[in-house]
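The exercises below are meant to be worked with the sequence and the model side by side. Please attempt each task before reading its solution.

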Amino acid sequence: MANEKVTLAHGAGGKLSRELMDEVILPAYGNPVLNELHDGAAVDMSGRVAFTTDSYVVQPLFFAGGNIGKLAVCGTVNDLSMTGAVPRYISAGLIIEEGFPIADLRKIVETMRRMADEAGVYIVTGDTKVVERGKADGIFINTAGIGDIIPGTDISPKHVKPGMKVILSGYIGDHAAAILAGRHGLQLPDSVRTDCAPLAGLTQAMLAAAPDIAVLRDPTRGGVAAVLNEIAEASGCGILIDEDAIPVHPEVQGVCDILGFDPLYLANEGKCVAFVPADKAQAVLEAMQANPYGRDARVIGEVTEGAPGQVGLRTSIGGIRVVDMPLGNLVPRIC
């Protein structure tokens, strides 16, 4: 199938459907649970369970540092991880446009397998549909995931209290900048790449250091600004962050300066924001910095009693400005 294209017959449930499964899907995802090829997967779970689902429609499908398949697995793993869960199993639904190159499909599913292996999850069930040309923009992916919530954790904005520290796991805006570059053919340095990564190991290390972390969130659409506003509103507390503490790569800041964006509002796919009791902040920070995906972690602010429901930014010149919730998507279809 090296030079073939996906046809409508590949989604019809017959011989070509089985060929696609046997030659492309199973070699990438194959594991003891999926290899049963039942209509659903029978899996072992215990205790409290986290469950999430998401769909991925990004354009371009391939971009600096990743592709839609990497986004699909990492996004689902990260959504589970932010609930305080250990991700276990993922489903993968592929909606493929007629004429899509089999070689590209193979790259995408192999990337999904690599990310699943890194995150320690199995892709255990799924579905493939083929639609007519012009109906799917290449390929769309839907995923769902389940995981075991770590005993003793209770991730919720209701636990956010004044005095807690706000910790960010690293540089922001890289993913949105990579998507913009790929979509518009911008000539940017090779260092501008998606930050897309599976954060399960990072969040588990953080929770081992401080099981009473109040909230974990991944700042995807709407960026750090959206996450902080959501937590401020849900908790009824104020949040004050320091502009000088927020890490932004110079190349990403350059993209923002040219296009008129604020890095706080740009999407990330491999970052984590945590609200941590002040007396545990150093331990959490050290645990994060020992992980490859948290080595640039730092405290960027704290929760306050004043200005309930609002987010403030202490600027480099000493003033404070309000960081509002974004009104819409600054960069459409970033995942």
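Asp127 is partly exposed in this predicted model, with a relative accessible area of 38%.

**Exercise 1. Find the charged partner of Asp127 and state how accessible that partner is.**

Solution. Begin with the side chain of Asp127, which forms a salt bridge with Lys129, the closest N and O atoms being 2.5 Å apart. Next, consider the partner: Lys129 has a relative accessibility of 42%, and therefore counts as partly exposed. The pair is one entry in a wider set, since the structure holds nine salt bridges.

**Exercise 2. Determine which parts of the chain are linked by the salt bridge of Arg314 with Asp242, and classify the accessibility of each residue.**

Solution. First confirm the pairing: the closest N and O atoms of Arg314 and Asp242 are 2.3 Å apart, and the two residues form a salt bridge. The pair links distant parts of the chain, with Arg314 in strand β12 (residues 311-314) and Asp242 in strand β9 (residues 238-242), 72 residues apart. Finally, compare with the cut-offs, by which a residue is partly exposed when its relative accessible area lies between 20% and 50%. Arg314, at 34%, counts as partly exposed, and Asp242, at 25%, counts as partly exposed as well.

**Exercise 3. Explain why the salt bridge of Asp262 and Arg321 ties together separate parts of the sequence.**

Solution. The side chains of Asp262 and Arg321 meet in a salt bridge, at 3.1 Å from N to O. Asp262 lies in the loop between α7 and β10 (273-276), whereas Arg321 belongs to strand β13 (residues 320-322), so the pair ties together parts that are 59 residues apart in sequence. As for accessibility, Asp262 is partly exposed with a relative accessible area of 22%, and Arg321 is partly exposed with 32%.

**Exercise 4. Describe how helix α4 is enclosed, and identify the elements against which its buried residues pack.**

Solution. Start by listing the buried positions of α4, which are Asp174, His175, Ala176, Ala177, Ala178, Ile179, Leu180 and Ala181. Eight of the eleven residues of the helix are thus buried, so α4 is largely enclosed by the rest of the structure. The buried residues of α4 pack against β2 (62-63), α2 (68-81) and α7 (250-259). One residue of α7 illustrates this packing: Val252 is found in that helix, is buried with a relative accessible area of 2%, and touches Asp174 and Ala177, among others. Val252 and Ala178 are 74 residues apart in sequence, yet their C-alpha atoms are 8.9 Å apart in space. Just after α4, Gly185 takes a positive phi of about 65 degrees.

**Exercise 5. Is Asp174 buried or exposed, and which side chain of opposite charge is nearest to it?**

Solution. Asp174 is found in helix α4 (residues 174-184) and is buried. The nearest side chain of opposite charge is that of Lys271, 5.0 Å away, and Asp174 has no salt bridge. Beyond its neighbours in sequence, Asp174 touches Arg193, Thr194, Asp195, His249, Val252 and Asn268.

**Exercise 6. Characterise the lining of the second largest pocket.**

Solution. The second largest pocket has a volume of about 390 Å³, and its lining consists of 21 residues, of which Asp195, Lys271, Pro292, Tyr293 and Arg295 lie nearest its centre. Sorted by character, the lining comprises seven nonpolar, six polar and eight charged residues. Asp195 and Lys271 have both appeared in the preceding exercise, Asp195 as a contact of Asp174 and Lys271 as the nearest side chain of opposite charge to Asp174.

Terms used: Residues numbered from 1 in each chain as written. Predicted model: local features only at pLDDT ≥ 70, side-chain atom pairs only at ≥ 80, totals over all residues. Heavy atoms only, no water. 1 Å grid on protein atoms, 1.4 Å probe; cavity = no way out; pocket = protein on both sides within 12 Å on 5 of 7 lines; lining within 4 Å. Points joined across faces, edges and corners; volume = space filled by probe spheres on them. Nonpolar A, V, L, I, M, F, W, Y, C, P; charged D, E, K, R; others polar. Helix = DSSP H or I, 4+ residues; strand = E, 2+ residues; numbered from the N terminus. Buried < 20%, exposed > 50% of the residue type's maximum accessible area, 1.4 Å probe, protein only. Lys, Arg positive; Asp, Glu negative; His and termini not counted. Salt bridge = Lys/Arg side-chain N within 4 Å of Asp/Glu carboxyl O. Contact = heavy atoms within 4.5 Å. Lists of a residue's contacts leave out its neighbours within four places in sequence.
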